[in-house]
Amino acid sequence: KNLARINEGDEATDHKSSRIMELEQVNAQFKELVGQIKRFKIDRYEQELEKQKIRLDYMKLQIKPHFFLNCLTSMYSMAQMQMFEEIESMALATSRYFRYIFQSGDNFVLLENEIEHVRTYLDIQKSRYRDAFSYRIATCETITGIAVPPLVIQTFIENAVKYGVSRERELCITLSVNVEQQENGDRVLIHISDTGPGFKPEILEALIRGEALEQTGGNRIGIMNTIQRLELLYGHEAAITFANDTIGARITLSLPKMVLNSERTGEVINHECIAG
């Protein structure tokens with residue numbers, strides 16, 4: 001009767017004791033099983049809530065009104081100085097930027113598209129800051145077809161621009177992407193470094209320990225959101241390291257190599273590391 005209740009979605013409540021030792025043992029094990037099922041349902045429910053929260057935070061981070069307004073302000077200043085070619089370039093770059101971030105919300109995108117989006121973002125910022133910073137992007141041919149979560153790289157690039165651009169010296173941002181063969185499968189290594197002031201000691205210490213940062217500023221929220229998204233999408237297969245070099249900060253993302261399913265955009269063929 002209890003099994004029938006569970007099958008119908010109700011809770012099993014009739015746990016009468018039995019004088020037969022074997023039946024009493026079965027009864028005790030059955031009650032433990034019911035308790036495990038309850039705990040499992042609660043854990044799954046909490047996991048789904050956490051997933052929804054991460055997705056909501058991700059959608060919030062996509063909307064950047066200040067960045068959009070800054071782009072418009074820059075174009076207005078260019079118009080006053082009759083910099084028509086620069087206005088055309090800025091308008092097209094801004095259009096490409098927002099077209100990308102307002103895409104369908106897939107969990108994965110092509111790595112080459114993500115890198116091109118980062119290049120667009122850096123070109124926009126370079127139009128704003130002029131000679132205040134430069135950037136360099138280095139990739140290898142083997143990245144074609146590889147899937148990565150959208151806006152993951154941009155989050156750290158934005159952080160470098162926000163905290164690194166200064167009137168005192170030129171900031172240089174370097175992005176390098178390559179594929180490395182390892183015993184447990186190929187890995188995608190994404191290195192982001194800059195010549196800025198680096199992470200503050202307390203921030204770096206918290207990032208290394210995996211502790212939550214104080215929610216004071218969109219970039220810090222973005223970093224924690226990115227870490228949570230990587231955990232959600234890859235589990236323990238993704239790794240991220242933070243460090244300060246002699247000059248500036250350095251971030252390394254190590255992700256399993258996955259290929260995007262060309263027939264169903266935004267989905268990967270499998271979640272296993274693909275050799276070769």
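# Reading rings, helices and backbone angles

Author: Let us begin with one residue of this predicted model. Phe68 has a relative accessibility of 36%, so Phe68 counts as partly exposed.

Reader: Is Phe98 buried or exposed?

Author: Phe98 counts as buried, because its relative accessibility is 12%, and buried means under 20%.

Reader: How many aromatic pairs does the structure hold?

Author: The count comes to 10 aromatic pairs. One of them joins Phe68 and Phe98.

Reader: What is the arrangement of the rings of Phe68 and Phe98?

Author: An angle over 60 degrees between the planes counts as edge-to-face. The planes of Phe68 and Phe98 stand at 90°, and the ring centres are 5.2 Å apart, which makes this pair edge-to-face.

Reader: Which parts does the pair of Phe68 and Phe98 tie together?

Author: Phe68 belongs to helix α3 (residues 65-80) and Phe98 to helix α4 (residues 84-101), so the pair ties together parts that are 30 residues apart in sequence.

Reader: Which residues do ring pairs link into a cluster?

Author: The cluster consists of Phe67, Phe68, Tyr97, Phe98 and Tyr121, linked by ring pairs.

Reader: Where does the charged end of Lys126 sit?

Author: The charged end of Lys126 sits over the ring of Phe133, at 5.8 Å from the centre of that ring.

Reader: How should one read the crossing of helices α5 and α6?

Author: One reads a distance and an angle between the two axes. The axes of α5 (residues 111-129) and α6 (residues 152-164) come within 9 Å and cross at roughly 20°. Angles under 35 degrees count as roughly parallel, so α5 is roughly parallel to α6. Their crossing is right-handed.

Reader: Which residues make the contact between α5 and α6?

Author: On the α5 side, the contact residues include Leu111, His117, Tyr121, Leu122 and Tyr129. On the α6 side, Val152, Ile153, Ile157 and Val161 are among them. Tyr121 of α5 thus appears in this contact, and Tyr121 also belongs to the ring cluster.

Reader: What is notable about phi in Arg130?

Author: Arg130 is not a glycine, yet its phi is positive, about 60°. Arg130 lies in the loop between α5 and β2 (133-138). At 39% relative accessibility, Arg130 counts as partly exposed.

Reader: What is phi in Leu151, and where is this residue found?

Author: Leu151 also has a positive phi, near 65°, and is a residue other than glycine. Its place is the loop between β3 (147-148) and α6. With 9% relative accessibility, Leu151 counts as buried, whereas Arg130 counts as partly exposed.

Terms used
Residues numbered from 1 in each chain as written. Predicted model: local features only at pLDDT ≥ 70, side-chain atom pairs only at ≥ 80, totals over all residues. Heavy atoms only, no water. Phe/Tyr/Trp six-rings, centres within 6.5 Å; stacked < 30°, edge-to-face > 60°. Helix = DSSP H or I, 4+ residues; strand = E, 2+ residues; numbered from the N terminus. Buried < 20%, exposed > 50% of the residue type's maximum accessible area, 1.4 Å probe, protein only. Lys NZ or Arg CZ within 6 Å of the ring centre and 35° of its normal. Axes fitted to C-alpha atoms, helices over the stretch in contact; angles between N-to-C directions. Parallel < 35°, antiparallel > 145°, perpendicular 65-115°, else oblique. Left-handed = near helix turned anticlockwise from the far one by under 90°. Contact = heavy atoms within 4.5 Å.
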